[in-house]
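This report covers one chain as a whole and then one helix pair. The structure comes first.

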Amino acid sequence: MRNSFIYLIVLAVCFSFAGCNNSQKNSGPQVTIWHWMSDRQDAFEQLAQKYKREKKITVHFELFPHSAYTQKINAAEAANDLPDLFGILGEKRVLASFAKEKKIEDLTPYMEKQNSNWKERFIEICLAVNSFKKDNIYAVKPGIYGVPIDAMSIQFLYNKDLLEREGFASDSPPETFQDFLSIAKSAKDEKDTYGFASGWGETWLIYCFTTNYAFDLMGEEKFLNTIKGEVPYTDPDWIKVFSLFKDLREAGILAPGIITMNNKEAEQIFATNRTFFTFNGSWGVNTYQQINPQLKYATMPPPKANQKHPPAIWAGAGTSFVVNSQSENKKESIDFLKWLTEARQQVFLIKETNNLPSIKGLKKDTPDNMSSFLSNQQYFTHPRLWRINENSRVVEAINRGVQNIVIGAKTPEEVAKEVAKTKERYKNE
Amino acid sequence: MNKKEQLINFSFVFPALAIFSFFYIIPFFYTFWLSLHKASSTNVLDLNFVGVQNFKDIFSFQIFAALAGILGISLIVFAFKNKFKKLSLNHKKSLAKTLQTITVVAGGALLIYSIGAFFNISKEAVSFSPDLQWWNSVKRSFYITFWGLTFQNCLAFLLALGVDRAARTGQFYRVVFFLLPVLGEVIIGLLLRIMLSHYPGVFNHLLESVGLGQWAQNWLGKDMALTTLAVSHCWRGFGYGFIILLAGLQTIPEQLYEAARIDGANALHRFTKITIPMLVPIIFLVIILTILGTVQIIGLPMALTRGGPAGRTTVSVLRIFEDLNNSHVGYASAEGLILGLILVTLSFSLLKLSKKIKS
Amino acid sequence: MPEQIKKTLYLLVIHTLLITVALSCIFPFVWMINSSLKPNSEFIQDHGFELPDTINLRNYIYTFTKGNLGTYFLNSILYTFLTVIAIVIISSLAGYGISRLQFRGKNFIFYMILAAMMIPIPAAFVPLYVLLKSVGLLNTRIGYILAMVNVGLSLSIYLYKTFFDQLPKDLEESARIDGCGKLRIWWHVMFPLAKPATGVVVIFNALNVWNELILALVILSNKGLMPLQVGLLKFSQSSVGLTQYTTLMAALTVAALPIIIIYLIMQKHIIKGMTAGATVG
């Protein structure tokens, strides 16, 4: 008994040592990619296998849960242990920092290399979110620092069947916020059906919604001036923005538990015909397709709360990979990205993950449901295109404040005051 | 005792100490070093030395100055009480003297700083602004700890008492009550999320079907979320306390009870005069374990509520996580150190209390 | 007679409590397994409270083919097994040393070890990563195991130390007279006597390692090295895991059943060890 026990230990120790040698022993260049997109891992791995067959180079896609991803990247950065390719989560400031510290490669030379026309492949806005222009406030050397592998936009969606059932025309969605509220209210007629559901447990969706309407109610200039600190958050226009959430609440159209709902849960509600409207990104198509292939829906421009200024819609690259400038496999990594953004691979990704391609000329390969997310282009914008971004502490305060309004714990005025206070506290950061 | 024997004796703790220094002590100093830094506004990777600024931000200037003063006074008192006497017996007297002087000087410096700071505050009217987000998250952690200490431990104790008496079915309960800890936070968290979410609303449905429909509500909503989290945590974790307390109960010799019974002591008497005193060290162990396990709770809120709604279940460790995610590495380190300090103080005073009660 | 009634009443109350709590512990399992045998649509209808119309194994097939839980599972077993063994040996040595042997700075070391257990790990995310990288233990099994050993050490040393403190010294003395060295006393006398403490140490640390998630995410990057909890978290965040409740529950069942079976087999030994200690203490 005792002998077999010791034998077992020895065996386990051997196994554990063998295990760690294994990972380093493989010969030839290998490319390691870190990302957080759990819904794309399968497709990525299939592509990696295909690449191995074609080019004899092994590509490892390592997936980390979203909640721990940034920390992993930060720690790896501090230890100089970044993988060959990785995605960067967060504001433009973060991307800028990596570029400034020369941790990631400026890809402009590769993109503009003669006869490669790599740069020309991409949809402009997808490249723009990864680029720095001349004289940017971050003082980063101008250039393109990331390769977009898909595109996205975050839009209002409506359920055609439900709208029709309630007697509204399925091809003329509401144009004003008031109309939107009144149509959504009719959801009360149906059992277990809500007017509006969205994954507002994930706070970035709230910030996106808020900025969309901040553009609408005060215009881009005033919005950016608030970030600069020239307009306070207690400005009447901002109170109006926060009040929209109060209106949503008071209209009684919000799905219960909307602010603890995560994105996928909200997608599920929309896919099962239980909400009239939702606010979601183009990645949701995948879930809708999986749960209910018969679902009939379309995007619509944000219902306007004001006629003076156009609203905004966040759109740009969905996922971008950056290249570790200290990587030993820089060439192989860049080659892989080039291959990944070829039409063939992009079509594969459209089919497998239902995400919009980041390159032009694939209209006929994109199903209608997905290309609907490319409508309303006149409103497209992205925080990474703004010349300045809000401090993350303030964004956090806005999101928390909005959640508090939605559950009726605070008034818009109180929230505005709190956000202004937070802004004041962190103005020097 | 000669040097060689000392060395041999020391070698028993050496492996533990080696692992410790590597995984705790070095990271501790590194964390401390990081906590004195802040990223610049345009470059999150560029950490600048800012001294104790992060701590000032967390505590607010006033409390920070007061803490410095208190620390200064206690250092001076400590030095003048001459706690270094013990040291001077084993070593050279001069060492003790030097240490004493250094402590007094350090304490004095802190005190002067504190007085100066308060002088400044009174002159310039610095506004009182501790980081409420952080302290609220600490409060939430302690709210859950409070539930753990009262509800969870009482339940564990009651069940242990029950099982201790029920010899025949004891085996069965021991297995069953330990099932939940075996499963792990992630599985329990995911299961609970499905059960408690408004949709599909399994738990509410269950309540309705047993006729308690009026109790059905949004368990993860603004009013209930934190309590739901606390109770779920207690429910998941009571097995630990149960098993330890049960083992403790069974170390009490039956003869003691017999003797008491012959002396005519009733059940309540036997419980307060025999069971409780015999269990004191074990009870304190369970209490400390509960505090440690609960203040640092992370897996369950991550799976169940992710800190929502509107930050109402953002517990302290989750807050540290959020700060790390927003690239506030220095600030998060400072928060971690403060949390650690609170826990150390709490646990050590409990251990001391336990020793006092025992003797 | 009233004495008799009182006793019955008391037993009734105690057993009602025991049974209620026991039910609350068992119910989630039954519900989980029951639901995992249904298609998602059926689950949405009946909330998993009714028996499945037909036994439907689709969820399990999906879990086995797509979930990759097998590798994760083996990893977890390996980590748990090795970590617990290392902790038992190292901490009983240290506990014995601190309890019985004299050397300089003993108390200081003990209190330092106790204090260390309170530092929250997430705060040390970056330092740990940098440190492990510098000695080449990053993204290795050994690195993770050592880190987990460290996490469990404080409590285990504390438990062993308090246990050894309570043991009478005569046994040790007689062994010493027989000419045993300190190491042999530890191995042949003290360690076997410490069975109940070992029981507690094994249970606590085994569960701790089995449930660990955060450190694994810091130290490991290679999916082939990740433990089960990480695998489950990833599965739960994949689009299937988030939308198909019953498939998720099949994965949870697959992850839970083996550990429950291991626990059911082991618990006899564990509890025997703990109660054996009752006579010693």
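Chain C has a radius of gyration of 24 Å, whereas a compact globule of 281 residues would have one near 19 Å. The radius is taken over C-alpha atoms, and the globule rule is 2.2 Å times the number of residues to the power 0.38. The model is predicted: local features need pLDDT of at least 70, side-chain atom pairs count only at pLDDT 80 or more, and totals for chains, interfaces and linings use all residues. Residues are numbered from 1 along each chain as its sequence is written, chains are lettered from A in the order written, and side-chain values use heavy atoms, without hydrogens and water.

Along the principal axes, the C-alpha atoms of chain C fill a box of roughly 75 × 70 × 30 Å. Buried residues (under 20% relative accessible area, 1.4 Å probe, protein chains only) make up 60% of the 281 in chain C. Chain C has 14 helices and zero strands. Helices are DSSP runs of H or I with at least four residues; strands are E runs of at least two.

An automatic or database assignment sets the domain bounds. The C-alpha centres of domain 1 and domain 2 of chain C lie 36 Å apart.

| Domain of chain C | Residues |
|---|---|
| Domain 1 | 2-58 |
| Domain 2 | 68-237 |

In chain B, the axes of helix α6 (residues 132-165) and helix α11 (residues 225-250) come within 6 Å and cross at roughly 40 degrees. Axes are lines fitted to C-alpha atoms over the stretch in contact, and angles run from 0 to 180 degrees between N-to-C directions. α6(B) and α11(B) are therefore oblique to each other. Oblique covers angles that are not under 35, over 145 or from 65 to 115 degrees.

Terms used: Buried means under 20% relative accessible area, exposed over 50%, partly exposed in between (1.4 Å probe, protein chains only).
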